[in-house]
Amino acid sequence: MNNKQPHQDTVCIHAGKQKDGHHGALTSPLYQTSTFVFDNAAQGAARFAGEEPGYIYTRLGNPTVRELELKMAALEKMEDAAATATGMAAVSGAVLSFLEAGDHIIACKAVYGCTYALLSHQLPKWGIEVTFVDMDNEEELEQALRSNTKMVFAETPINPNLKVLDLELIGDFCEKHDLISVVDNTFMSPMLQTPVDYGIDIVIHSATKYLNGHGDVVAGVIVSSKERIETIKLTILKDVGGTISPHDAWLILRGLKTLPIRVERHCKSALTIAEYLESHPMVAEVYYPGLKSHQGYKFIGSQMKAAGGVIGFELMATLEEGQAFIDAMQLFSIAVSLGDAESLIQHPASMTHSPYTQEERLAAGISDGLIRISIGLESTDDLIADLQQAFDRIVALRSDSVSTAGNWG
Ligand SMILES: *Cc1c(COP(=O)(O)O)cnc(C)c1O
């Protein structure tokens with residue numbers, strides 16, 4: 001390879017590969033081992049003392065896991081990465097490694113349900129306070145700032161209304177006040193957005209979603225500076241134990257080879273379907289940053305290359321009709337998660353965002369009538385036909401009964 005920085009598509013396939021000792025295997029072997037044998041006692045001692053490089057025990061590091069970490073660091077254009085057992089192990093690893101009792105964290109409203117539960121229900125038990133804000137402008141962040149604020153946690157686009165936050169605003173604010181910035185980049189993947197471009201310190205992913213892309217793994221990744229990743233690996237990951245299994249890392253490495261073409265197709269199909277939904281009389285509102293009508297549209301082509309594969313929409317229907325709509329789906333599977341080859345449909349209020357109380361949910365802008373779909377890799381013609389027959393089902397229900405349409409819920 002010449003000195004030119006390779007493109008992301010090439011990085012997905014080649015970065016992180018260690019070529020030695022694999023008998024020339026094209027695909028890196030899976031090191032499915034719990035521990036590593038030392039040549040002698042002195043070597044064991046040297047490895048533990050950090051005087052000699054080499055593996056010790058898989059909770060502390062593994063060659064298959066390392067390949068995934070190096071690849072993710074290259075994709076996010078940061079120094080290093082730590083792979084984790086789940087996306088939540090990445091969130092908790094990033095947060096807990098740098099906060100202690102007496103600290104304060106500012107987070108954006110409507111974060112992923114379990115991230116919300118960690119920040120608002122678990123952290124206070126350990127003496128860490130949290131304030132949720134919209135993060136629409138600097139004043140709002142300034143107002144939330146306290147003398148003990150240490151970290152800002154953001155997710156963009158925010159699930160499930162796909163609101164886009166301004167990463168430059170967040171990066172600048174954190175730099176000005178010497179705070180650690182953390183961004184959950186799960187919905188975009190590094191193909192569409194690299195938060196380090198805006199000075200973000202720590203990027204986390206649920207690798208369960210687009211990175212793996214095949215619906216057969218739960219995992220996460222934390223990407224940051226060499227120094228911070230070392231801290232995370234030597235504290236919370238090592239001592240709390242949320243490290244990834246080598247087999248899961250190997251499956252994600254396989255998934256990553258096709259990430260660029262998968263993401264491109266997810267985005268293209270999602271835009272087609274978002275436009276279809278926007279034109280449908282039974283849909284009150286479509287949340288998709290690829291649509292001109294959406295708040296996030298102005299960030300397309302700059303902060304984010306495209307809008308991703310997840311769409312939220314408000315159905316003009318009663319709760320019963322909404323459930324009938326979901327139940328009528330034949331091609332879409334009724335399931336949480338996203339970024340898979342299969343298209344998925346779910347109801348955030350009763351599923352992904354159920355860790356919120358109803359009051360918290362409404363304050364975060366998650367209505368009872370909101371439906372979230374993750375567009376897979378099927379033909380858009382077939383997906384639209386499936387949605388159409390589900391809308392027709394509601395029409396049929398209405399003509400069967402005298403029920404009148406209102407807002408769902
Ligand atoms: C799924 C998800 C998580 C949690 O990841 P798991 O792999 O399920 O633990 C965190 N953040 C976002 C945005 C997610 O979609």
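This report describes strands, a helix, internal spaces and some backbone features of a predicted model.

**Strand S4 and its neighbours**

Strand S4 covers residues 149-155, and 6 of its 7 residues are buried, so the rest of the structure largely encloses this strand. S4 pairs with strand S2 (residues 104-108) through 4 bridges, and the two run parallel. Within that pairing, Ile105 stands opposite Met151 of S4. S4 is also joined to strand S5 (residues 180-184), here by 5 bridges and again in parallel. Ala154 has Val183 in S5 as its bridge partner. Between S4 and S5 the chain passes through helix H7 (residues 167-176), giving a β-α-β crossover that is right-handed.

The loop between S4 and H7 holds Pro157, and Pro160 lies in the loop between S4 and H7 as well. Pro157 is joined to Thr156 by a cis peptide bond, with omega about -5°. Another cis peptide bond joins Asn159 and Pro160, where omega is about 5°.

**Helix H3 and the residue that follows in the loop**

Helix H3 (63-75) is one of the elements that supply at least two residues to the lining of the largest pocket. H3 has 13 residues and spans 18 Å from its first C-alpha to its last, close to the 18 Å expected at 1.5 Å a residue. Of these 13 residues 11 are buried, so H3 is largely enclosed by the rest of the structure. Among the buried residues are charged ones by name, including Arg66, Glu67, Glu69 and Lys71. Others in the buried set include Pro63, Thr64, Val65, Leu68, Met72, Ala73 and Leu75.

Lys77 is in the loop between H3 and S1. Its phi is positive, about 55°, although Lys77 is not a glycine. The relative accessibility of Lys77 is 49%, and since exposed begins over 50%, Lys77 counts as partly exposed.

**Pocket and cavities**

The largest pocket has a volume of about 820 Å³. Its lining has 28 residues, and those closest to the centre are Gly54, Leu60, Gly61, Lys233 and Leu234. Besides H3, the elements that each give at least two lining residues are helix H2 (41-48), strand S1 (80-84) and helix H9 (226-240). H9 contributes the most, with 7 residues.

How many cavities of 30 Å³ or more does the model have? The count is 2. The table sets out the volume and the lining classes of these spaces.

| Space | Volume | Nonpolar | Polar | Charged |
|---|---|---|---|---|
| Largest pocket | about 820 Å³ | 12 residues | 6 residues | 10 residues |
| Largest cavity | about 50 Å³ | 3 residues | 5 residues | 1 residue |
| Second largest cavity | about 40 Å³ | 1 residue | 3 residues | 2 residues |

The largest cavity is lined by Gly16, Gln18, His22, Ser28, Pro29, Tyr31, Pro63, Thr64 and Glu67. Three of these names, Pro63, Thr64 and Glu67, also appear among the buried residues of H3. The second largest cavity is lined by Asn212, His214, Asp216, Leu251, Arg254 and Gly255.

**The five-stranded sheet**

An open sheet is built from 5 strands in the order S8-S9-S12-S11-S10, and its pairing is mixed. Which strands form the edges of this sheet? They are strand S8 (283-287) and strand S10 (333-334), each of which pairs on one side only. S10 is joined to strand S11 (residues 344-346) by 2 bridges, and these two strands run parallel. In this pairing Ile334 stands opposite Ile345 of S11.

Ser337 lies in the loop between S10 and S11. Its phi is near 90°, a positive value in a residue other than glycine. Is Ser337 buried or exposed? With a relative accessible area of 19%, Ser337 falls under the 20% limit and therefore counts as buried. Lys77, the other residue described here with positive phi, is partly exposed at 49%.

Definitions and conventions:
Residues are numbered from 1 along each chain as its sequence is written. This is a predicted model: local features need pLDDT of at least 70, side-chain atom pairs count only at pLDDT 80 or more; totals for chains, interfaces and linings use all residues. Side-chain values use heavy atoms; hydrogens and water are left out. Buried means under 20% relative accessible area, exposed over 50%, partly exposed in between (1.4 Å probe, protein chains only). Two strands pair if DSSP finds at least two bridges between them. A crossover is right-handed if, with the strands pointing away from the viewer, the path from the first strand over the helix to the second runs clockwise. On a 1 Å grid over the protein atoms alone, a cavity is a set of points where a 1.4 Å probe fits but cannot get out, and a pocket is an open set with protein on both sides within 12 Å along at least five of seven lines; lining residues have an atom within 4 Å of a point. Grid points are joined across faces, edges and corners, and a volume is the space filled by probe spheres set on the points. The expected span of a helix is 1.5 Å times one less than its number of residues.
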